[in-house]
Structure formats: C-alpha cells, structure tokens
Amino acid sequence: VIRWAAGDLQLTLLDAGRLRLDGGAMFGVVPKPLWSRERTPDERNRIELAMNVLLVDDGRTKTLIDTGAGSGWGEKERDIFALENKTAEQLLAPAGLRPEQIDRVVNTHLHFDHAGGNTEPQADGSRVAAFPRAEYFAQRSELEIARVQNERIRASYLPPLYEPLVEADRLRLLDGVAEIGPVRVEPAPGHTPGMQIVLIEGGGETVAFMADLVPTASHLRFPYIMGYDLEPLVTLESKKRILPRAVSEGWQLIFEHDAETPMARVTSEHGRITAQALNPQEA
Ligand SMILES: [Zn+2]
C-alpha cells in the first residue's frame, strides 16, 4: 500500500489486483507501433494493468473509491483477463482494515473492473454487499446505461455487481456534482455516460482519481482514447475540459489502471500534456 496525507486526510492507495486487456482496445485508434513503445503486449496482445483503488480516511469515516474486480470469477474470465480473485478482506488487510470498517464506497462507474468488488458471492451463489456497513454511490445515469444491457456493453456491466445493492437499498444515485463525505465527484462522461472522477482536497493539495478518463499515464494525450469508450468524442471533450485544470491547479493525479505510474503531476508544453511521476513518499 502507498500512504500519504492531504492536510487532515489520510490517503491509502490499495492494490485490487492486476488484469490484462487487449492492447488495441486500450488505445483505440492509436496504431500498435506507437502504443507498443510504451506498453509491451504479451503473446495474446494484452497489456498488464493495475486496479489501483483509493481509501480516504478523514479521521471519523473511511471512504473507498472503486473496488477493483473483486472475487468470485470463474476459470474463463480469469484466463481471458488474467484476473485473480481478491476479496474485500484481502484488499484491505495490507492497510490493517476490515470490510466492516468502510463507511462509503464511491464507484466511478459500474464496469466489472471498477465495481466487481462491490459484492461478494455467498455459499448459494447469490451476491451481497462486500462492505457490510457501507453506503454505495454512483451516478444515476451510470445505473441507467448499465441496465440497457445491449450487445455492445453487456460484457462490461454485470448485474450481480450492482443489482443486489439496489435491491437492498444500499446504492445512492447521484445527479452530477456531489459532495460525499470528504470527497467531491464530478461527471466525466465518455468512457460511459455516467462516469465520474473523484476529487479530494486537503492541505492545499487536490488529489484527483481519474478513473477511465485517463486510465494510465499513456492516455494523457488527447487522441489516446480507449476502444472500450461508449462515446469517444465525449471522452475527448471531458479530457479537454478537465486536464487543463489538472495542469493549472497542480493536481496530484491517480491513474487507476497504471501499474508503473500510479501517481503523477502533469505539465503542458506546446499543448502536449505529460506526466511527472510522483514518488508517493514525497507526495
Ligand atoms: Zn471502465
């Protein structure tokens, strides 16, 4: 785990496990000779990705941002995505915490590699909240698109990861910008219509959890937009709106899927935004 402070807030970056996704899908229209210089694909053309999730402790409450892929995956998914099963208990153990200590879970969106750890299987196969005391939060528009379940999107949206929370009245639906305990969410649509980023302010610093708006440091360039994105031109607008703020306000960015550069500040030269990796010890 990586720990640092932002004013009175204690932040902990937790490792929710690794997964591998197709390199071409991760970089959209960018040709392989370009993206493969930065991310070397394996023999199945997949690139290794992290699932970095963030715990925000304000001294009274603990808020978890995203939950990784979680547990309960069968052999087929574990093979295709090189997934490991990781329970909430296993996720939190390195931070010395237990699932019942989490007060809130904020989902940036409801894709399986971000919300998979929301629920966990019981002996009968049904899934229940993995964090038994937590209230969960997502944008209303995100639940709406997840429930469309059409052929293009249903491989990423798995109802057992969120419907049990709706049934148990545990999922709070947001409409745009919202303050949730010590964090603020802001819509960043494009990857999905209901995706949000999460901003944490403390000690004069802004920490921004970028979710799949900028999944790795290699996605800072504007045209580096994932093939998975449902509305890539909307992603482009979101990047052009949000990244200049990250530069001018000196945000600490967290890249959820970057195993090598989980945190960075960004600068802009001649319109090109580049990352300066943050060593969490100095962050
Ligand atoms: Zn996603």
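H191 is buried, since its relative accessibility is just 2% (buried means under 20% relative accessible area, exposed over 50% and partly exposed in between, with a 1.4 Å probe and protein chains only). This is a predicted model, where local features need pLDDT of at least 70, side-chain atom pairs count only at pLDDT 80 or more, and totals for chains, interfaces and linings use all residues. Residues are numbered from 1 along each chain as its sequence is written, and side-chain values use heavy atoms, with hydrogens and water left out. H191 is also one of the zinc donors, so let's start with the metal.

**Zinc site**
- The zinc ion has protein donors H109 (NE2), H111 (ND1), H191 (NE2) and D212 (OD), at 2.1 to 2.3 Å. Donors here are N, O and S atoms within 2.8 Å of the metal (3.2 Å for Na, K and Ca), and sites may look incomplete because water is not among the atoms.
- The four donor atoms subtend angles of 83 to 169°, so the arrangement is irregular. For reference, four donors are tetrahedral if all angles lie between 85 and 135 degrees; four are square planar and six octahedral if opposite donors are over 155 degrees apart and all others between 65 and 115; anything else is irregular.
- Along the sequence, the donor spacing reads H-x1-H-x79-H-x20-D.
- H111 and H191 link distant parts of the chain, 80 residues apart: H111 is in the loop between strand 5 (104-106) and helix 5, and H191 in the loop between strand 11 (183-187) and strand 12 (196-202). Helices (H or I, at least four residues) and strands (E, at least two) are DSSP runs, numbered from the N terminus.
- H111 counts as buried too, at 7% relative accessibility.

**Aromatic rings**
- Searching the whole structure turns up four aromatic pairs. Rings of Phe, Tyr and Trp (its six-membered ring) pair if their centres lie within 6.5 Å; planes under 30 degrees apart are stacked, over 60 edge-to-face, and the rest tilted.
- W73 and F112 meet edge-to-face, 5.3 Å centre to centre with 65° between the planes. They are 39 residues apart, with W73 in the loop between strand 4 (62-65) and helix 3 (75-81), and F112 in helix 5 (residues 112-115).
- F112 also pairs with F81: the centres are 5.1 Å apart and the planes at 45°, so this pair is tilted. It connects helix 3 with helix 5 across 31 residues.
- W73 and F112 are both buried, while F81 is partly exposed at 21% relative accessible area.
- F27, W35 and Y224 are linked into a cluster by ring pairs.

**Charges over rings**
- R221 lies over the face of Y224, 4.2 Å from the ring centre. The cut-off is NZ of Lys or CZ of Arg within 6 Å of the ring centre and within 35 degrees of the ring normal.
- K240 has its charged end over the ring of F222, 5.7 Å from the centre.

**Strand pairing**
- Strand 8 (residues 135-139) has four of its five residues buried, so the rest of the structure largely encloses it.
- Strand 8 runs parallel to strand 5, joined by three bridges, with V105 partnering Y136. Two strands pair if DSSP finds at least two bridges between them.
- Strand 8 also pairs in the parallel sense with strand 9 (residues 171-174) over four bridges, where A138 stands opposite L173.
- Strand 15 (residues 263-269) pairs antiparallel with strand 14 (residues 252-254) over two bridges, and with strand 16 (residues 272-277) over six bridges.
- Strands 15 and 16 make a hairpin with two residues between them, and H270 in the turn has a positive phi of about 50°.
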